[in-house]
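Here is a short briefing to read beside the model, grouped by topic. Keep the viewer open and follow along residue by residue.

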Amino acid sequence: MTLMPLKLDTLPTRRDEHWKWTDVRGRVTDGQKGLSVSGLPKFTLPDGVSVSESAVDEDDTNSPMAALARRFGGQVWTVDVPEGAAPQEPIVIEGFERGHVRIRLNIGKGAVVSVVEHYAAEDGAFCNADITINLGKGAELSRVQMQTDPADAVRVATTHVTAWGKAKLTQHMLGFGASLARFESRIAVMGTHCELTANGAYLLDDKRHIDLTSYIDLTTPDTLVRQAVKGVVTDKSRGVFQGKFHVRRPAQHTDAEMRHDALMLSDTAEIRSKPELEIYADDVACAHGNTIGALDESALFYMRQRGIPLKQARALLTEAFVAEAFDDLADEDLRESLLEKVRYWLETSQ
């Protein structure tokens, strides 16, 4: 069956409340590569973990971009981690270079696994990934997303996570933007005593744009949530952070903290942020914070007094600021790899 090409007016626009700062329709052109085709993800799997293809999708998600992924994404890729498995090597997913992709990750009860996702599009590409993760009871997932798209690419990656009792999710994201990039995490906590960490950082220059959006739906008691996002923008770039904790009435004893802190390195850059709490339970500890500012002039002065050149001093302070988002990443090699990308950006973008 031949599919009709994607109609640009089906893409989200600024008139949609959840996309008001990330106008996909306004950035995509008819010449974008991959608008109406399926993508081809590549998987590197440790022993005991399998991947399969299927035309049937039992985890249909409800969003405008998910609908496009269902229409143009072709096969569904399902990764299964067996119950109790604890592979030493991570699952590596890459090849998000163009087109629409659907991936389902099922992590069995008590399994402990790491996933590393690399997002690097072709020049001028359009990429749309629809991912679901089912985190079984007592399972632990460490997830790292790295985004290094070219400046003319458009990227949307949406993940729906369902966490069951005593599950633990640790997620870190590092992004450098694109013509437009949006990484959205929607996490539903469906069991007691879950632990969630959702940290990230973005560094933007030129006219790059990135949107880190998250929605955490807390439905059961005794959940611990920590979220810390760091942003650095310069030139005419735009960073967007939208975070929401939805604490339902049964979610008593929730302990949740959200922070977004950003540095503006030029007067022409832009930050849009919306941290949000919606709380219906009465015995919880929830907080959010949001700051936007410049580098500490007194610290710069102190460093220059000790002979450190201005550019190096600015880079050191910015790296220290961003690195806090990755302090709790247990894999030291992976953490160092992320910080190397931060250092490269600091060397080449200022």
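Asp 149 is buried in this predicted model, because its relative accessible area is 3% and the cut-off for buried is under 20%. The residue sits in the loop that runs between strand 8 (140–147) and strand 9 (154–163). The points below start at Asp 149, move out to the strands on either side of that loop, and then turn to salt bridges, cavities and one further loop.

**Around Asp 149**

- Two side-chain partners are worth displaying: Gln 147, in a polar contact of 3.0 Å with the side chain of Asp 149, and Arg 155, whose side chain is joined to that of Asp 149 by a polar contact of 2.8 Å.
- Which residues does Asp 149 touch once its neighbours within four places in sequence are left aside? They are Tyr 119, Ala 120, Ala 121, Arg 155, Gly 177, Ala 178 and Arg 208.
- Arg 155 therefore appears twice for this buried residue: as a polar partner of Asp 149 and in the list of contacts.

**Strand 8, ahead of the loop**

- Strand 8 is mostly covered, with 6 of its 8 residues buried.
- Strand 6 (residues 112–119) runs parallel to strand 8, and 8 bridges join the two.
- Within that pairing, His 118 has Met 146 of strand 8 as its bridge partner.
- Strand 8 also pairs with strand 10 (residues 168–175), again in the parallel sense and over 8 bridges.
- Here Gln 145 is found opposite Met 173 of strand 10.

**Strand 9, after the loop**

- Strand 9 is largely enclosed by the rest of the structure, because 9 of its 10 residues are buried.
- Strand 7 and strand 9 run parallel and are joined by 10 bridges, with Phe 126 opposite Val 154 of strand 9.
- Strand 9 is joined to strand 11 by 10 bridges too, and these strands run parallel.
- Arg 155, the polar partner of Asp 149, has Ala 181 in strand 11 as its bridge partner.

**Salt bridges**

- How many salt bridges does the structure hold? There are 25.
- One of them brings together the side chains of Arg 98 and Glu 122, at 2.8 Å from N to O.
- That pair links distant parts of the chain, 24 residues apart: Arg 98 is in the loop between strand 4 (91–94) and strand 5 (99–107), while Glu 122 is in the loop between strand 6 and strand 7 (126–135).
- Arg 98 is partly exposed, with a relative accessible area of 34%, and Glu 122 is partly exposed as well, at 25%.
- Arg 343 and Glu 336 form another salt bridge, with their closest N and O atoms 2.8 Å apart.
- Arg 343 has a relative accessible area of 23% and is partly exposed; Glu 336, at 33%, is also partly exposed.
- Buried or exposed: which describes Glu 184 and Arg 182? Both are buried, and they form a salt bridge whose closest N and O atoms are 2.8 Å apart.
- Arg 182 and Glu 184 also belong to a network of salt bridges that links them with Arg 186 and Asp 211.

**Cavities**

- The structure holds 2 cavities of 30 Å³ or more.
- The largest cavity has about 150 Å³ of space.
- It is lined by 15 residues, and the closest to its centre are Gln 171, Met 173, Ser 185, Leu 212 and Gln 227.
- Met 173 is already familiar as the residue opposite Gln 145.
- Which strands each supply at least two residues of the lining of the largest cavity? They are strand 10, strand 11 (180–189), strand 12 (195–204), strand 13 (209–218), strand 14 (224–233) and strand 15 (238–247).

**The loop that holds Thr 268**

- Thr 268 lies in the loop between strand 16 (255–264) and strand 17 (270–279).
- Its side chain reaches the backbone oxygen of Asp 235 at 2.6 Å.
- Neighbours within four places in sequence aside, Thr 268 is in contact with Asp 235 and Lys 236.
- From C-alpha to C-alpha, Thr 268 and Arg 238 are 9.3 Å apart in space, against 30 residues in sequence.

Note on methods. Residues are numbered from 1 along each chain as its sequence is written. This is a predicted model: local features need pLDDT of at least 70, side-chain atom pairs count only at pLDDT 80 or more; totals for chains, interfaces and linings use all residues. Side-chain values use heavy atoms; hydrogens and water are left out. Helices (H or I, at least four residues) and strands (E, at least two) are DSSP runs, numbered from the N terminus. Buried means under 20% relative accessible area, exposed over 50%, partly exposed in between (1.4 Å probe, protein chains only). A polar contact is a pair of N or O atoms within 3.5 Å; within protein, one must be able to donate a hydrogen and the other to accept it, and residues adjacent in sequence count only if both atoms are side-chain atoms. Contact means heavy atoms within 4.5 Å. Two strands pair if DSSP finds at least two bridges between them. A salt bridge is a side-chain nitrogen of Lys or Arg within 4 Å of a carboxyl oxygen of Asp or Glu. On a 1 Å grid over the protein atoms alone, a cavity is a set of points where a 1.4 Å probe fits but cannot get out, and a pocket is an open set with protein on both sides within 12 Å along at least five of seven lines; lining residues have an atom within 4 Å of a point. Grid points are joined across faces, edges and corners, and a volume is the space filled by probe spheres set on the points.
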